[in-house]
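Open the model and follow a short tour of its interior. We begin with one residue, then move outwards to a helix and a cavity.

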Amino acid sequence: MLVTASTVKDTLPNIQRFVTGNLAGGVDHLFVFLDAGDPEVRAWLDEHPHVTCVRTDSAWWQGDRPDQLNVRQRVNANTVRALLSAVDGVDWVFHIDADEIIQVDRSVLDTVPADTRVVKLAPLEAVSRKSWDGDPTWFKRLLDKDDLTLLQTLGVLDRPSNGAYFHGHVDGKSGVRPALDVWLTLHHGVDAAKEELPSFQDDSLRLLHYESFSGEDFVRKWTSILAAGPMANFRPAREPTAIALRTLIGKGLTEEQAAPYLMRIFERTTEDDFDTLRDLGLLVEVDPRQGTHQPADFPALDEVRGMLERVAAESKRAFHPGEPVASAQKVLDAVTGVRAGRSFLRRS
């Protein structure tokens, strides 16, 4: 069984694309942590049989809500990872965002050696255009040096690197086998020393990233990021965009006044040369709605949901990457009713 953990704040249409696309692409169940209350989104998620929705309000954080969104994302993902280590049936847990859709060949996942604890998904990034007729179906893949140099020479890129070509991350995302001694970061699976663990990779294991795919989504996403807390750490290529947007938003302009400037920033920093990229054969056409995966039922779901309800009353400090295994074990003992000091084992 493959599950995901995500911390989200998004519109209902985007959340619906996120859930349906992932289920069709190889996911069996999604754990969705709402970073901000939206009654419409929460109601839809609560009704979905393959989604567990968690409202991360003040009760969830027990007075210790991390300021940075990136930290909240890691803590929530590792809470799921730790709880799933206490039940049978879950093979992989992936940490993804609401603008990402997993595309995996489950038969390939079945071939991963038992001693390999991490699987890596290569990113495909949606082409950024002012607007799309429906959801994007054309995606950029990572390129080699020759193609990047060609794009630079044509004036499409400022420099020949995938970091300049992609607007979002180039690292992809990772899934881990649920255990207490492995942690999920934003992109990797790491050990207790926060060192990246060896990962299994295959061309059939991919991640669709809907990073600022349109002018409207660019404005929505960056406005949300900048409102989520202190400035996060961005790749050098994206930091000027974040600074420019935060400065513009701080000018106190009305939405109508700010709109043309926001779109100008999109055009200058993010919009892709779609026709050139497609003509050169550099794009991949993918429609996640065509996925054929049928999500499996989760036999231990009621048990896991019960643990999530009880862990809400616990400090989440134990689930920060790199925290001692004993800290997470203590919380597990508390939420499963196991006597303190006794290791919790999966059911045989």
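**A look inside the model**

N78 counts as buried because its relative accessibility is 0%, and the cut-off for buried is under 20%. Keep in mind that this is a predicted model.

Where does N78 sit? N78 is found in helix 4. Its side chain makes a polar link within reach of the backbone: the backbone oxygen of R74 lies at 2.8 Å from the side chain of N78. On helices in general, residues three or four places apart point the same way, because an α-helix has 3.6 residues a turn.

Now look beyond the local sequence. With neighbours within four places in sequence left aside, N78 is in contact with V182, W183 and L184. F319 and P321 also contact N78.

Helix 4 has a second role in this tour. Helix 4, residues 69-84, is among the elements that cover the buried residues of helix 12. Which residues of helix 12 are buried? Helix 12 spans residues 301-311, and its buried residues are L301, V304, G306, M307, L308 and V311. Their cover also includes strand 2 (29-34) and strand 3 (51-55). Helix 3 (58-61) and helix 13 (325-336) are part of the cover too.

Turn last to the empty space. The structure holds one cavity of 30 Å³ or more. The volume of the largest cavity is about 30 Å³. What lines the largest cavity? Its lining is made of V118, K120, S174, H188, G189, E196, L197 and S199. By class, the lining residues are two nonpolar, four polar and two charged.

Note on methods
Residues are numbered from 1 along each chain as its sequence is written. This is a predicted model: local features need pLDDT of at least 70, side-chain atom pairs count only at pLDDT 80 or more; totals for chains, interfaces and linings use all residues. Side-chain values use heavy atoms; hydrogens and water are left out. On a 1 Å grid over the protein atoms alone, a cavity is a set of points where a 1.4 Å probe fits but cannot get out, and a pocket is an open set with protein on both sides within 12 Å along at least five of seven lines; lining residues have an atom within 4 Å of a point. Grid points are joined across faces, edges and corners, and a volume is the space filled by probe spheres set on the points. Ala, Val, Leu, Ile, Met, Phe, Trp, Tyr, Cys and Pro count as nonpolar, Asp, Glu, Lys and Arg as charged, and the others, Gly among them, as polar. Buried means under 20% relative accessible area, exposed over 50%, partly exposed in between (1.4 Å probe, protein chains only). Helices (H or I, at least four residues) and strands (E, at least two) are DSSP runs, numbered from the N terminus. Contact means heavy atoms within 4.5 Å. A polar contact is a pair of N or O atoms within 3.5 Å; within protein, one must be able to donate a hydrogen and the other to accept it, and residues adjacent in sequence count only if both atoms are side-chain atoms.
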